[in-house]
Every structure is written in structure tokens, then in C-alpha cells.
Protein chains: 2
Amino acid sequence: MAQSPALLFLLLFIFATKTIESTQIFFPRATHQSLIKQAKDPKLSIPYKTQFFPQLLDHFTFQPQSSKIFYQKYLINDHYWEHGAPIFVYTGNEGNIEWFAENTGFMLDIAPKFRALLVFIEHRFYGESLPFGKDSYKSAKTLGYLNSQQALADFAVLIQSMKNLLSEVSPVLVFGGSYGGMLAAWFRLKYPHVALGALASSAPILQFDDITPWTSFYDAVTQDFKDASQNCYEVIKGSWAELQAVSEQKGLAELSRSFRSCENLHSMYSARNWLWTAFVYTAMVNYPTEANFMMPLPAYPVREMCKIIDGFPPRATKLSRVVAAASLYYNYSRTEKCFKIENATDAHGLHGWDWQACTEMVMPMTCSKDSMFPPSTFDYKAFSEQCMRKYGVLPRPHWITTEFGGNRIEQVLKRFGSNIIFSNGMQDPWSRGSVLKNISASIIALATEKGAHHVDFRSATKEDPDWLVEQRRQEVEIIQRWINEYHSDFK
Amino acid sequence: MAQSPALLFLLLFIFATKTIESTQIFFPRATHQSLIKQAKDPKLSIPYKTQFFPQLLDHFTFQPQSSKIFYQKYLINDHYWEHGAPIFVYTGNEGNIEWFAENTGFMLDIAPKFRALLVFIEHRFYGESLPFGKDSYKSAKTLGYLNSQQALADFAVLIQSMKNLLSEVSPVLVFGGSYGGMLAAWFRLKYPHVALGALASSAPILQFDDITPWTSFYDAVTQDFKDASQNCYEVIKGSWAELQAVSEQKGLAELSRSFRSCENLHSMYSARNWLWTAFVYTAMVNYPTEANFMMPLPAYPVREMCKIIDGFPPRATKLSRVVAAASLYYNYSRTEKCFKIENATDAHGLHGWDWQACTEMVMPMTCSKDSMFPPSTFDYKAFSEQCMRKYGVLPRPHWITTEFGGNRIEQVLKRFGSNIIFSNGMQDPWSRGSVLKNISASIIALATEKGAHHVDFRSATKEDPDWLVEQRRQEVEIIQRWINEYHSDFK
């Protein structure tokens, strides 16, 4: 089984179990040393006020105990806003909301033009929006309330309350990236009376069931590296066997040394996951400019990684090359003396995704034989057993497509719904599970060949290439059209 | 407070409480003697097979205890069906499903033309679809799972499963009357990937918040009687004071006698509710032909009631006239020796609506000074206190409009959604809370001046007036258009 059901930008956090060695199943643990540092800084580098909204724990049952309230965090900026002007809402995803606000400078960039109120709503069970405080992740009993339908209802209630209070007539536009983009698109579909339109960036709403081929994600990662250099692809593809051989012949101590691990590795799989993670995330954030979303990285980091791999002397081992390449991902800032490969910390509180992947967000993925990763299949039985062991629940693999659709989406939405932009960058492997063709006159796909994971949401910079400037220009133009229509419909 | 938050065709079953006399609040108890008899007959008079589907109790949380399954009843008829042909689904409402199947002969009538599979799905917590068996109504702990969102998810899961099993390519059309019509319309809006279109008959989706004037329901009842005869209206309007006077001056024993009550009345309000119920339901089922939905009744029963009222000798009291008129409703079949005014039984298991009205289905209603009913206001505080006392929960009065919309529906759906027919008959007071004007080319209102509560769903008869034949013809034509479009979109 491959890096299967995965968080939108972090891979599934089901830790290695006893079954690993025998069945070749493994799930990587995240390793984000640099993020930990960011989290230590409590100050926001972004101009938002923090607020909390009393939210119902359970919107869909009416039990006395479920009249339990929790406080949902949201960030707000009314600097540019005037009464009646649009409200731009970011539908938060699986992490603390400041992080998404920091990485969605686009909304701040366009706010003056629209005189928009900006709101970033934190997703329940992430960041500080913890319904059961530090016990929120204790068991299925608490985690049960962590899911996308409850999150969408949170957004609806909060936005509605805000509209009632501030401006009934303001059109609401929802923005979201990655899982947040899925939520934004679904929000427009389920709550058209609350949001006029959605900009869903890098939203793989079709990564469920067998709508998108299961190999497409890792094939896309592979393509990114192959496009950079054929040799690079071959080195990575060959490195997994070398890793296994070194581990078996020289042992974990030697492996720990060659990976510059801060502690002795407990398993070859930790090293493997560390490499795997670096390649996947680098493909996702293969941005055209220097950026720091997952990690600080140079412009076009895939190309830079491949330069490292290709630049080694001819006799260098594949393993030494890939370790060096992965080090670009983990240590571009050159501040790390060693790598925390075994005991990574989850700086952004992202581990809730593990629960979501074990319940509703079942996204099967496999690696084909031409992939740069070892071939793998998706073993649903083993996956669901792991979920059962970990949480005492079984996944509902077809629930998302029942609740939100996805199959034959072109036919279903051709004559239903409106005002959704699906923006994607084809460098991003998640693009393959998104909507890449226009569905109707107002359900629109904007895909760029060179873009990566919601690159359009990043703050504009002077180095931005023309295609990115143009993609953002089209987004603004379309949103403006929706707003004009909205006002003319009221006349 | 008037006959406020009301079930789609039965009034709210919150029984009289201590507050009644002081605040003029009252809620009628249903009195449906004749229905009890129908329920005693276990045989279906309709050609359906009964099936049960294992359904998740809670679709929106993932707790281990909520993996509880219950068995949802549905009726099915595949006599006319062939593979790939449409599936017509009735989205069940607040009663046993056989009752709705019996009163929705329209689907059976049109099935041959479409070669349609017919499915009637029972709503959770009604009929035999009781998640906790006979304990289902025990408390909020069990009743918490009784609500419209869970019901819609039930429909989605069952229909999806049926499509997977029988025919992936079949278009699904949902049909519903009254609250079932609200569910059908909402189902098309929330699950467009499951249902191609909806025929929502007499579905008052706008009876929430202050979208529809609170007086409109009782004003419409009043109008029906006024249209039949001005004198009839005046007699009914004046009868409430007479009722109070007789009760105060002659006592409950005399009142019991004049109402032919089987038992001694405990309160003047029981008699009042009995009258009130008869007038409201007769207006609702003011059908152009003899029918037996709520009760067996002649064609145009409002006119017949007014004939009784107008036909008394000049000196007859108003009270004696209205009692005689109400007796038409309760005893058209002339089988009742006395009336069970105090202890009516709930033959169709409709009392679950009381819970729904106390939680999500808050439909404020008042009587204006020109109403044929005593003027009244809607006292939300008293209402919510009653709900708290009865169930330990507070209503969420704005939840339905947050979840399903309704405010400014013309603007919201003008460019969103498709394929919904809102059919109404203007005799039906619920019509005022429905959609009475076309919203777009495919969100269509079909309203008839003389129609009553989902009369279009009744089996065709030779006595049907032209306007009814024409309404049904248009419905069939529109549904056929949706299906043609569906097939051409697949090519």
C-alpha cells in the first residue's frame, strides 16, 4: 500500500505497526523541524484581529448533551471594508488558522479593490478551536465531531451570524486551498444561500472512490521529477532498493549516520518516509519563487533537488544523492545540524487529519511500476484494520461521494450550481484529483502548467511569472462578475 | 399564540399546560378516530413490496456508538421498470409510509409511461422505521437523531445503494408532499448528484423565520371559508366567544353534551382545538372530489361545511352551527356515535412531529384580527419554555434557514440549482409558505387556484376537473424534459 489516504498536504499519520515489515505497508510520520520554530512565535505576522465564536458541537442531532458549545477561532480584518461590500471568507482546513492566513496573502492583496471584509475561520478540532480542549483528540468519543459536514455547518452558522450583525446585503465569497478548497467548493454547493461563490484552489474533490485513477497522484510527482531530469528520476527510483540493502547489510546505525539522524533510527521505514515526504512535498510546493509554506525552499525546488542529484560525481551512490536532495527540503535554511527523523513534532496541530482519513477522507492511492516510488497497491482491509485498532471506528469509504458527489461531476453540475472556480497548478500532484475542465459558464477550471499547490493564494511578489499574474487576474475578474450579477439581480 | 409551529398537515401536539388559561396559549391534540380504523387493517391496498434497509443512526458523527444501525422501511414496485429507466422515489414524511403511498397514486399512474421503478422511503422515527424500537420516543437522547438532515442523508445512502445494485445510469426523481415535499426540494438542492430533479407538492419551505408573513396561514384558511360564504366566515369568527361563554356559564358538562363528546371534557380548550382542527384540515384538503386523506370527506368540503352553517334556522346559535360543521369533518361516514375529543389516538405515528417542531421546524404563525380565528401572537419565549419542559431541549428557530436557505430564494436560486417543481393549490393554507412564482427556467412553480394540499399527488379519477388534469400533465411533461436532457447530456 502506498502513501495512501493522505491529508491534503501532509501524509497520513498512522504510525508504523507490527504488520509493516511483513506486508510492506507503511505510513510516514511527519518531520517538520522548521515548522516547530514558526509555531513558537506567538505573534501574527498578518494584520488580523483574533475572535472567538460560540459554536454548537453537533449541528445534526438535538441531544441535550450536544447543546455543548465550543469556541471557534476566526481572524478578521475590516480595514478595507465598508458596509454592503463583499465578505471574503477563508474556509479553514486542517491546521491552525494563522498559518493559512499567512499563506493566503492573495485575499489581503485583493481586499482593497473589493473593499472586502476578510475573515479566516479555523476548522473545528484544529489550532485553538478544540471542542474538548486538550482532551479533544482523546478518543473517537470526542473526535466523532471532527468531520467536514460539521465544519461546513460551523462556517454557515458563523457567516450567517456575521451577516445578520454587520451587513445582510453583503455578498459572501468563500476561498479555500487544498482541503480548505474542497470545503469552499462544497460550501457553495451546499450553502448557496450563504455564499455567492467559491474559489477552490488545489481542491482534490475527485480524489475519492475510483473517480480519479489511484496511481495519478504519485505519477504526477514522478512526472515533476522526470521533467526536471531523466537521471534524477532514475536515481530516486533506484534508491529504494539501495536503502533496503544498506539497512540489511550495514544496519541501522550506519543508516542513521548517513541520514544525519539526530537519534538512532528505529526502523529503515523512518528513513524511507523521510525521503518520501521530502519528494512529495517538494513536488507539491514546486513554486516559481522562493517560498516558505511547508519549509523554506528556493524557487522551483524540484529542479534544485535534481541539480543536487545530477551534480554528484559519477560513482556516488543513489542513496547519498537522494539524502542530499531531501536535505534541501529539510534544511534549505542550513540551520539544522541533524534531522529529527524519528520524533518529529506536529507544529501546526495537523494530526487531526489522521482521524479524518480514517473516517470520511478515504483517498486510495497506489504507485505504478513506472513511478519513482516502489510499486504498491491499496489494501483497504489493512487500512481499515489499522483505523479500527487506532480509533475503534471503521472508515466509510463511499460517504464523501454520497454526501458531496464527484462521480460524473460534469453531467451533474452542467445544469446545476454556479460560481465556483477550481484553480490548479499541474506541478501539484493534487491537481489530478481536482476539476481541470470547465463544467459550465460559471463552474470554471483555471489550471496552469507550471503552478503548484495553491500558489495563486500566495501574496503577489515582484518575481511572479506572467502565467501566475494572469491566473490571479482571471480569478479577480470572475469574482467581480459574480458580484456585479449579484447586485444586478437585486435591482 | 396561535396554532403555531405546525406539522405539515397536523397541528403541533404539545398538550395543554398550566400556562394555557393565563396566556391564551394552546396547542390542539389531534383527533383522528377514523384513521385509527385504517391503521387496524394491516394489508396494503397498494401494490408494493415491503423491504428494510440497514441505515446508520448518525451520518454526521463518527462515534463508535453511532455505528448503531436501524432498519429503514421502504416500499418498492418494479412492475413497470426496466433497466436504465428512471427511479421515482417518494421522500417519506412524518407518518407511516403506506399512508403516503396510498395517497400518492400519481406516481403509480405515471409509472407505466416512464417505465419507472417506484420506491417509497419511510422517514426515520415514523411508522416502523424506529431506531430504538418502542423506546424511540423516550427522550431527547433517542429523539435527537430525528431531524431533516439525517433523514435526507438516509435517502441519499439508500438511493445510492439501490442505484449501485440495480442501475447506475438510471435518473432518480424525488417526489414529496407537504413536509415530504420540503424534503424532496431540499434533497435536489443538497444531493443533485443523487437526484436529477424533484417534484415538491405543497412544500412550505418558506414558512420559517419571517420569510412568509406569520398571519398568512390562517388568513388563507379564513379566505377559503369567506369565499364559500361571508355568513359562514362570520359565524365561525363569532363562535369562539360563544364557546367561551357557554363554558363559563353552563360548564363543561353542558359543553361535553353539545359537542357529543364520548367523555367529559376536561377543558374548554379541548373543544376549541377540536373545532379549530376541523376547520384547518378541511381547508387543507378542500379537494375537488370526494377523498379520504385525513378523513373521508365530500368534494369541496369547505363549501359543504358552509352549507351546513348557512342552512341552520335563523335563531340557531353559532356554536351549534360550528359543531355541526365540524361533525362533517369527523363523521362524514356517519359511523361515529360520539367524538373522542379528549383522548384521540395517533394512528399514523405522527407525534414525532412534535419533537421536530420543538427543535428545527419552528414555523411561527399568528391570527390577524380579520381571521376567522381569535387574534393571537407568537410567543417564542413561551413556546421554547414548553419545549424545554417537554424534551429538555431548546428550539433552534433559525437553523432551517441557515441549513436550507429560504430568504431571498429568488435571487439565490435564480442562478443556482435546477429541476424543481413546486406545485401548490391555493385552497391549501400551506401554499402561502411555498414557492408560487417561477425562479428560473427549471425551478418552476405550478399553482392552481382551486387545488388543495398535494391534490396533484392523488390518483387520477374520472371526476378530476380540467385544471387538475392540466397540472399533472405539465408535471409529466417537465419531468420528461429533465429525463431527455439527462440522456442527451450523457451522449
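Here is a short walk through a predicted model, from the way its two chains pair up to the packing of a few helices.

Start with the pairing. Two copies of a chain are related by a rotation about an axis and a shift along it. Here, a turn of 180° with a shift of 0.0 Å along the axis lays chain B on chain A, and the RMSD comes out at 0.0 Å. The two copies are thus related as by a two-fold rotation axis. If you want to find that axis from chain B, look for B:Gly417: its C-alpha sits 2.4 Å away, the closest approach of any residue of chain B. The copies also meet through the same surface, because 100% of the interface residues of chain B are interface residues in chain A too.

Now step into chain A and pick out helix α8, residues 216-228. With 13 residues at 1.5 Å a residue, α8(A) should span 18 Å, and its end C-alpha atoms are indeed 18 Å apart, so the two agree. Plenty of names to look for here: the buried residues of α8(A) include A:Phe217, A:Tyr218, A:Val221 and A:Phe225, along with A:Ser216 and A:Asp224. What do they pack against? The buried residues of α8(A) pack against α9, α10 and α11 of chain A.

Over in chain B, have a look at how α9 (230-258) meets α11 (301-311): they pack at about 75°, with axes 9 Å apart. That angle falls between 65 and 115 degrees, so α9(B) and α11(B) count as roughly perpendicular. On the α9(B) side the contact uses B:Asn231, B:Cys232, B:Val235 and B:Ile236, while α11(B) brings B:Cys306, B:Ile309 and B:Asp310. Sorted by class, that makes five nonpolar residues, one polar and one charged.

Definitions and conventions: Residues numbered from 1 in each chain as written. Chains lettered and ligands numbered in written order. Predicted model: local features only at pLDDT ≥ 70, side-chain atom pairs only at ≥ 80, totals over all residues. Heavy atoms only, no water. Least-squares fit on C-alpha atoms with pLDDT ≥ 70 in both. Contact = heavy atoms within 4.5 Å. Helix = DSSP H or I, 4+ residues; strand = E, 2+ residues; numbered from the N terminus. Expected span 1.5 Å × (residues − 1). Buried < 20%, exposed > 50% of the residue type's maximum accessible area, 1.4 Å probe, protein only. Axes fitted to C-alpha atoms, helices over the stretch in contact; angles between N-to-C directions. Parallel < 35°, antiparallel > 145°, perpendicular 65-115°, else oblique. Nonpolar A, V, L, I, M, F, W, Y, C, P; charged D, E, K, R; others polar.
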